[in-house]
Amino acid sequence: MKPFIRYAGGHLDRAGLLRKDEDWISAKLAHPKTQIVPVWRSKNLVDDLPSAPKSRVVDRADASEILELAHQTTLLGISGDVAYFAADISSLEEEPAHALVNQGNFVDLRQVGPLLGADESSLLAHARGMLFWHKRHQHCGVCGAPTKSHEGGHMRKCTSYECGAPSFPRTDPAVIMLITHQPASGPAQCLLGRQAIWPEGNYSTLAGFVEPGESLEEAVAREVQEEAGIRVKNVTYQASQPWPFPASIMLGFWGEATTTDIQIDEHEIEAAGWFDAPDLRTFGEWGDDDTKFHLPRKDSIARFLIETWLTEISV
Ligand SMILES: [Zn+2]
């Protein structure tokens, strides 16, 4: 299968202009065709675990109690005249939350993400990401007063009359990069590392958060230098991925190493190494016990960067 980016590529129209109209939001929230996407403590509702998971949404007609008990609802978008709203029922304990949705299980999206299609994975990622933002922005960052949701959940506003500061959903940029090197002889190599907390043998591309006052390319160069002691050039953008685990967007790059002597920062990673295509083809899946090394998870942009590189160099 051609590599693709999971958690992106959904078909919903986010209705950026319509959602500013509170009457339109109220009408959609009451409309029988509307679909509700319940989220419980950052877990998404899924049917038919574990072999063939499917995202489960609840018809508005069956969701009155969910909407009564939800402490936050947020418009995710529209498909034709059908609106989709995320509903956060995290204030309930686990059993009542399950009883409320009638069937299905609340699971961490990353457990099932690799098995879901683009529409489903992006819908659930969007719901999870938006509700996490609401959870973490209950108070004004300027004056500390409570905030209130507006615009179908796409803006929060400070309730203090004197302050009234607005805040908008945010996503934290992180760079993730496949750094490569062409030795004088032999196949091209790429730089992968592993964190001590990962299962044994799991390796992935390096990554890190973008800091204020630096470009994305500078963030790539800094992170690779800090984590592995490698200098890079020709940093080029490849692809991006929404990553609501809990609140990032991953910005994927390729870069070329100008040095090859690895010196890891042990606070960041436990090990790093150069691997060529024949090496990578011996890697098993994340969590496998029967191979020495394992690729990053199938739902990650790290895996996408590696697979697209393998495709490119084998042409
Ligand atoms: Zn305020």
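Here are some questions and answers about how the features of this predicted model earn their labels.

Q: What makes the overall size of the protein agree with a compact globule?
A: For 315 residues, the globule rule gives a radius of gyration near 20 Å, and the protein has 22 Å, which agrees. Along the principal axes, the C-alpha atoms fill a box of roughly 65 × 50 × 35 Å. Inside that box there are 8 helices and 16 strands.

Q: How many of the residues in the protein are buried?
A: Buried residues account for 38% of the 315. To count, a residue needs 20 or more other C-beta atoms within 10 Å of its own.

Q: Which share of the contacts joins residues at least 24 apart in sequence?
A: Taking contacts between residues at least 6 apart, 63% join residues at least 24 apart.

Q: Why is strand 15 called largely enclosed?
A: Strand 15 covers residues 248-257, and 7 of its 10 residues are buried, so the rest of the structure largely encloses it. Strand 15 also has partner strands. Strand 11 (residues 172-181) runs parallel to strand 15 and is joined to it by 9 bridges, with Ala174 bridged to Met250. Strand 14 (residues 232-243) pairs with strand 15 in the antiparallel sense, over 9 bridges, and there Tyr237 has Phe253 as its bridge partner.

Q: What links strand 14 and strand 15 in their hairpin?
A: There are 4 residues between the two strands of this hairpin. Pro246 sits in that loop, and the peptide bond leading to it from Phe245 is cis, with omega near 10 degrees.

Q: Why do strand 8 and strand 10 count as edges of their sheet?
A: The sheet is open and antiparallel, with 3 strands in the order 8-9-10. Strand 8 (147-150) and strand 10 (166-167) each have a single partner strand, so one side of each lacks a neighbour in the sheet.

Q: How do you know that strand 8 and strand 9 pair?
A: Pairing needs at least two bridges, and strand 8 and strand 9 (residues 155-158) have 4, in the antiparallel sense. Their pairing places Thr147 opposite Cys158 in strand 9.

Q: Into which domains is the protein divided?
A: Domain 1 spans 18-136 and domain 2 spans 172-313. Over C-alpha atoms, their centres are 33 Å apart. The contact between them takes 9 residues from domain 1 and 8 residues from domain 2. On the domain 1 side, helix 5 (residues 118-135) gives the most, with 5 residues. That side of domain 1 divides into 4 nonpolar, 3 polar and 2 charged residues.

Q: Which residues have the most contacts inside the largest nonpolar core?
A: They are Val37, Val175 and Met177, in a core of 72 residues. Helix 5 gives the most to this core, with 7 residues. The core draws at least three residues from each of domain 1 and domain 2.

Q: Which residues does Val37 touch, leaving out those up to four places away in sequence?
A: Val37 touches Val57, Leu76, Tyr84, Phe85, Ala86, Ala87, Leu123 and Ala127. For each of these contacts, the two C-beta atoms lie within 7 Å.

Q: What makes the phi of Ser42 worth a look?
A: Ser42 has a positive phi, near 70 degrees, in a residue other than glycine. Ser42 is in the loop between strand 1 (35-40) and strand 2 (43-47).

Q: Why is Ser42 called partly exposed?
A: Ser42 has 19 C-beta neighbours inside 10 Å. A residue is buried at 20 or more and exposed at 12 or fewer, so a count in between means partly exposed. Ser42 therefore counts as partly exposed.

Q: Why is Asn102 placed in its class, exposed or buried?
A: Asn102 has 10 other C-beta atoms within 10 Å. The cut-off for exposed is 12 or fewer, so Asn102 is exposed. Asn102 lies in the loop between helix 3 (94-101) and strand 7 (105-107). Its phi is positive, about 75 degrees, although Asn102 is not a glycine.

Key
Residues are numbered from 1 along each chain as its sequence is written. This is a predicted model: local features need pLDDT of at least 70, side-chain atom pairs count only at pLDDT 80 or more; totals for chains, interfaces and linings use all residues. The radius of gyration is taken over C-alpha atoms; the globule rule is 2.2 Å times the number of residues to the power 0.38. Domain bounds come from an automatic or database domain assignment. Ala, Val, Leu, Ile, Met, Phe, Trp, Tyr, Cys and Pro count as nonpolar, Asp, Glu, Lys and Arg as charged, and the others, Gly among them, as polar. A nonpolar core is a set of buried Ala, Val, Leu, Ile, Met, Phe, Trp, Tyr and Cys residues joined through C-beta atoms within 7 Å.
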